[in-house]
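Visitor: Could you walk me through this structure, one feature after another? I would like to learn how to read each of them.

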Amino acid sequence: MRSLSIIVLFLSHNAFAFVGPHHAATFKKSALMSTDVEVEEVDPFEGYSPGETSVLAKKDTVSGDGEICKQGDILTINYVGRLMTNGKIFDEGTMAFKLGNGKVIPGWEQGLEGLRVGGKRTLKIPPNLAYGEQGAGDVIPANADLSFDCELKSVGSGPIAEILTIVSPKQIGILVLLALTFSIPKDFAIKDLFSSVGI
């Protein structure tokens with residue numbers, strides 16, 4: 001019986017010796033794993049660095065409450081464009097265009113999709129999604145990073161909305177006057193116009 005207890009003691013001692021270092025190694029490994037450094041995630045918009053990125057950054061400054069724009073929609077946008085190197089405004093105004101038609105820079109095509117009517121979004125656009133190596137005349141130098149403050153005024157679709165992207169308001173006024181000229185009889189007098197509306 002004494003030899004049996006010595007064997008059990010021997011086996012349990014060896015088992016402990018065998019298991020002990022294994023658990024110790026596991027403990028050391030998990031202790032090392034818990035000392036991993038946490039990496040803080042940088043906001044792409046705030047972390048945008050001109051000349052060092054090829055990815056568009058966007059930030060909504062006002063959430064609109066209207067329709068969400070999508071590919072194929074006719075957008076009317078108020079915008080202000082700035083050079084990111086010095087903040088100089090190079091262009092501002094209102095523009096209507098069909099999203100996805102390729103008539104504007106790729107940074108606008110990618111950056112404006114999903115904006116709601118009434119919403120405002122700032123875009124930071126790298127050269128590869130703007131005017132690239134050629135720039136744009138004397139206004140935008142080669143390889144310029146651009147910033148645009150954009151406001152989505154309206155979303156439209158259909159042939160009339162598409163015509164409005166091609167024809168300026170002045171041209172529309174001229175077309176309306178021409179149409180009226182051809183539709184008014186030759187013997188029509190101005191006094192007839194006033195009498196027809198009750199004046």
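**Reading the fold and its aromatic cluster**

Guide: Let's start with two rings: Phe97 and Trp108 are both buried. Keep in mind that this is a predicted model.

Visitor: What kind of aromatic pair do Phe97 and Trp108 form?

Guide: Phe97 and Trp108 make a tilted pair, with 5.7 Å from centre to centre and 45 degrees between the planes. Phe97 belongs to strand β3 (residues 89–98) and Trp108 to helix α2, so this pair ties together parts that are 11 residues apart in sequence.

Visitor: How many aromatic pairs does a search of the whole structure find?

Guide: The search finds 5 aromatic pairs. Another of them joins Tyr79 and Trp108: the ring centres are 5.3 Å apart and the planes stand at 75 degrees, and because an angle over 60 degrees is the criterion, this pair is edge-to-face. Tyr79 sits in strand β2 (residues 74–83) and Trp108 in helix α2 (residues 106–112), so here the parts tied together are 29 residues apart in sequence.

Visitor: Are Tyr79 and Trp108 buried or exposed?

Guide: The cut-off for buried is under 20% relative accessible area. Tyr79 has 9% relative accessibility and therefore counts as buried. Trp108, at 4%, counts as buried too.

Visitor: Which residues do the ring pairs link into a cluster?

Guide: The cluster consists of Tyr79, Phe90, Phe97, Trp108 and Phe148. Leaving aside residues up to four places away in sequence, Trp108 touches Ile77, Tyr79, Met95, Phe97, Leu99, Leu123, Ile125, Phe148 and Cys150.

Visitor: How should I think about a nonpolar core?

Guide: In soluble globular proteins, nonpolar side chains tend to be buried together. In this model, the largest nonpolar core has 26 residues, and those with the most contacts inside it are Leu75, Ile77, Trp108, Leu112, Ile125 and Phe148. The elements giving two or more residues to this core are β2, β3, α2, β4 and β5. The largest share, 5 residues, comes from β5.

Visitor: How many of the residues of the protein chain count as buried, as a percentage?

Guide: Of its 199 residues, 25% count as buried. Strand β2 has 7 of its 10 residues buried, so β2 is largely enclosed by the rest of the structure.

Visitor: Now the sheet. In what order do the strands come?

Guide: A useful general idea before the case itself: in a regular strand the side chains alternate between the two faces of the sheet. Here, 5 strands form an open sheet in the order β1-β4-β5-β2-β3, with antiparallel pairing. β1 (57–62) and β3 stand at the edges with a single partner strand each, so one side of each is left without a neighbour in the sheet. From one strand to the next, the twist averages 25 degrees.

Visitor: How many bridges join β2 to β3, and how many join β2 to β5?

Guide: β2 and β3 run antiparallel and are joined by 9 bridges. For β2 and β5, also antiparallel, there are 10 bridges. To trace the register between β2 and β3, follow the partners: Leu75 has Phe97 as its bridge partner in β3, and Val80 has Glu92. On the β5 side, Ile74 is partnered by Gly156.

Visitor: Which residue takes a positive phi in the hairpin of β2 and β3?

Guide: That is Gly87, with phi near 75 degrees, in a hairpin that has 5 residues between the strands. A positive phi also appears in a residue other than glycine: Asn143, near 55 degrees. Asn143 is in the loop between β4 (120–125) and β5 (146–156). With 47% relative accessibility, Asn143 counts as partly exposed.

Visitor: What lies over the face of Phe45?

Guide: Lys124 does, at 4.1 Å from the ring centre.

Visitor: To finish, where do the elements fall along the chain?

Guide: The protein chain has 5 helices and 5 strands. From the N terminus on, they run α-β-β-β-α-β-β-α-α-α. Contact separation gives one last view: among contacts in the protein chain with a separation of 6 or more, 65% are between residues 24 or more positions apart.

How values were computed:
Residues are numbered from 1 along each chain as its sequence is written. This is a predicted model: local features need pLDDT of at least 70, side-chain atom pairs count only at pLDDT 80 or more; totals for chains, interfaces and linings use all residues. Side-chain values use heavy atoms; hydrogens and water are left out. Rings of Phe, Tyr and Trp (its six-membered ring) pair if their centres lie within 6.5 Å; planes under 30 degrees apart count as stacked, over 60 as edge-to-face and the rest as tilted. Helices (H or I, at least four residues) and strands (E, at least two) are DSSP runs, numbered from the N terminus. Buried means under 20% relative accessible area, exposed over 50%, partly exposed in between (1.4 Å probe, protein chains only). A charge sits over a ring if NZ of Lys or CZ of Arg is within 6 Å of the ring centre and within 35 degrees of the ring normal. Two strands pair if DSSP finds at least two bridges between them. A nonpolar core is a set of buried Ala, Val, Leu, Ile, Met, Phe, Trp, Tyr and Cys residues joined through side-chain atoms within 4.5 Å. Contact means heavy atoms within 4.5 Å. Axes are lines fitted to C-alpha atoms, for helices over the stretch in contact, and angles run from 0 to 180 degrees between N-to-C directions.
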